[in-house]
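Reader: Please pick one part of this model and look at it closely. Then place it in its surroundings in one connected account.

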Amino acid sequence: MLEINCTVRRKSCVDTLKKEDISMICPKEDELLAYIDGFLDDEETKLIKQHIGSCPYCQQQIEVMESEKLFLKETLQTPKLPDDFAENVVVQVVPYKQKSKRHWKWGLGTAASVLLAGGILLSVNPMFAELVGGIFTSDNVDEGLQIAIDTDIATPVDIAVTDAGITLHVEHLIADTSRIALSYSVTNSKGKRLNPYIDEESKKNVVTLLNENNEEVELSSRGWGNTNDYGIYEFSLLNVENFSKGIIRMDVKELGGKSGNWQIEIPVDLAAAYKHQKTVEIDKTVEVEDIEVTLNEVNYATSTTDISYSTQLTDEAKRKLKESIEEKEKKFSEEIVNTFFPYNPTIGYRIEDSKGEVLGYYNIYGRDDLGHTVDLNMIGGIGTFEGEVKDMEHITWVDSFVPEKEHSDLYFVLDTVYKTKTSDFSITFKPSELPYTFEYNGYELTIDEVERKTDFSLEKSWLPIKRQVTVELHMSGYAEQKAPELALWAIEDESGKSYFTFNSGSSTLDETDDQNRFKREVQLITYELQDIPEEMTLHLIAETEAIKLENEWRVPLYAE
């Protein structure tokens, strides 16, 4: 394996430079590769060329990279394989629907890796990825998309539009019944890859999904992601009904740091996806720990296995919780206690095959060595409330997992419920006397700092200039794995006035102490408190506990 240690290389290079040349530190590996391939503009090329002339180390790296490029070109474009190579590959391939053969996969990044037929592992230029496939063939996307790209629901698009010297090139489309994903790249006039980010917040750039009637489809969620070379845009269809055909319209006004007009329409047809889809109605309900869990259905699509279920408290449990919330509202306010925070229950579960092998899960008990909820083979999930949040009606969830390549009978195993309750825990302290340490319900936390921050934002009009003051509280410490989530807080000053508080930075780290407790960090922010009081009180309004079930609920995910 050829690898370059950037830290060592940079130090060695700086040692060879004159004092006046120190500002030109060694170019990064991808910059040297772009220089070799001619993808830099004139100014960048001039700077690197000047640097190479005074840096023996980079001269050596250029020679190595040019030899590597020549080797890869000869190996990838004209590979010499045994006469019986194809026959041997076919024998070993595991069929999955219409899956085609892929002899190697690429990983994208600053330096990608590829396993060649001869068994040699090299560090190569990401640009070579174009020789064997796009982003959907790499580990930069979830395994469901990797599976789908080799089926008939994937289509090479190859549509490009150029303006202001920038080219937007849509390369591949995956149109499944559960989601639609497209990949694209952005390059300049010399073919150099640019940041593919499409900023939709300014409303200048709009990417929409339209149905056959040219109407925008209401989506529960959409997502954007990128690597160094590719952008990915994904639409979730989990809560979309009656969509089978339409177009994706990209109307982009700002791209690659320039203004222009890039418009592309990509046809979308789910006919092939619907042929492969299989939906199994379950409609079974269980009551555990005052929680009703209904398993609705499972949808077997090409790129995902989607499990639909709903959760809600029983009527009696809901009544008691509402009463305790009302008591909190009397002490604080409805805004603090019940404006945004959902008190609805959730669940933890796993997916097994008929032999009991765990194929996926979403659960705090999934890993004993981690102190937070984890998942296995889970792609994403969507929850939909019925009515207002404070009404605590049922939530319908759809969780998406990587599909199994080989058919097997799957089972849904409910083993944990997450239940929220109100809390009466409070602590009073003086910000001038920090740090302050306290213990509660499996936690040992230290209030490290309380700080006042002021941000100024200039609106597009001349006036006014807005001043936004926040008071932020930082805590750190350790907690047992099964300690409840400290979900909702309020801050009270010395006059007895309480303030709405966001729990904006809570996290559980893998680091543990000598008692095997996991490290916790908490950041609370209030936008209402203008100054740090001499004395303040933290009130814990609500906490969520994870309850492991003694009697698990196991339901088949197939038609019985």
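**The largest cavity and its surroundings**

Author: The lining of the largest cavity is made up of 6 nonpolar residues, 3 polar ones and 1 charged one. The model is predicted, and what follows describes the predicted coordinates. The cavity has a volume of about 80 Å³ and belongs to a set of 3 cavities of 30 Å³ or more. Its lining consists of Thr305, Ile351, Leu359, Gly360, Asn377, Phe401, Val402, Pro403, Glu404 and Leu410.

Two of these lining residues lead to a helix. Thr305 lines the cavity and falls in strand S13 (305-313), while strand S19 (410-422) takes in Leu410. Both strands help to cover the buried residues of helix H8, and the cover also includes helix H9 (334-338) and strand S29 (536-556). A third lining residue, Phe401, lies in strand S18 (395-401).

H8 itself runs over residues 315-331, 17 residues in total. From first C-alpha to last it reaches 25 Å, close to the 24 Å expected at 1.5 Å a residue. Which of its residues are buried? They are Ala317, Lys318, Leu321, Ile325 and Lys328, so two lysines are among the buried residues. Seen down the axis of H8, the buried residues fall within an arc of 95°, so they line one face of the helix. An α-helix has 3.6 residues a turn, so residues three or four places apart point the same way. On the other side of H8, Asp315 and Lys330 are exposed.

The loop that precedes strand S18 has a backbone feature to note. Met392 lies in this loop, between strand S17 (378-385) and strand S18 (395-401). Met392 has a positive phi of about 55° although it is not a glycine, and its relative accessible area of 4% makes it buried. Asp290 likewise has a positive phi, near 65°, without being a glycine. Asp290 sits in the loop between strand S11 (278-288) and strand S12 (291-300), and with 37% relative accessibility it counts as partly exposed.

A further backbone feature is a cis peptide bond from Leu434 to Pro435, with omega near 5°. Pro435 is in the loop between strand S20 (426-429) and strand S21 (436-440).

Apart from the cavity there is a pocket to consider. The largest pocket holds about 1,000 Å³ of space. Of the 49 residues that line it, Phe341, Thr346, Glu485, Ala487 and Thr544 are the closest to its centre. Strand S24 (residues 485-493) gives the largest share of the lining, 5 residues. Thr544, close to the pocket centre, falls within strand S29 (536-556), which also covers buried residues of H8. By class, the pocket lining has 26 nonpolar, 16 polar and 7 charged residues.

Elsewhere in the chain, Thr187 is found in strand S5 (residues 179-187). Thr187 is buried because its relative accessible area is 16%, and the cut-off for buried is under 20%. Leaving aside neighbours within four places in sequence, Thr187 is in contact with Gly165, Ile166, Thr167, Lys192, Arg193 and Leu194.

As for the chain as a whole, it has 9 helices and 29 strands. Of its 560 residues, 45% count as buried. Among contacts with a separation of 6 or more, 64% join residues 24 or more positions apart.

Conventions: Residues numbered from 1 in each chain as written. Predicted model: local features only at pLDDT ≥ 70, side-chain atom pairs only at ≥ 80, totals over all residues. Heavy atoms only, no water. 1 Å grid on protein atoms, 1.4 Å probe; cavity = no way out; pocket = protein on both sides within 12 Å on 5 of 7 lines; lining within 4 Å. Points joined across faces, edges and corners; volume = space filled by probe spheres on them. Nonpolar A, V, L, I, M, F, W, Y, C, P; charged D, E, K, R; others polar. Helix = DSSP H or I, 4+ residues; strand = E, 2+ residues; numbered from the N terminus. Expected span 1.5 Å × (residues − 1). Buried < 20%, exposed > 50% of the residue type's maximum accessible area, 1.4 Å probe, protein only. Arc of directions from axis to C-beta. Contact = heavy atoms within 4.5 Å.
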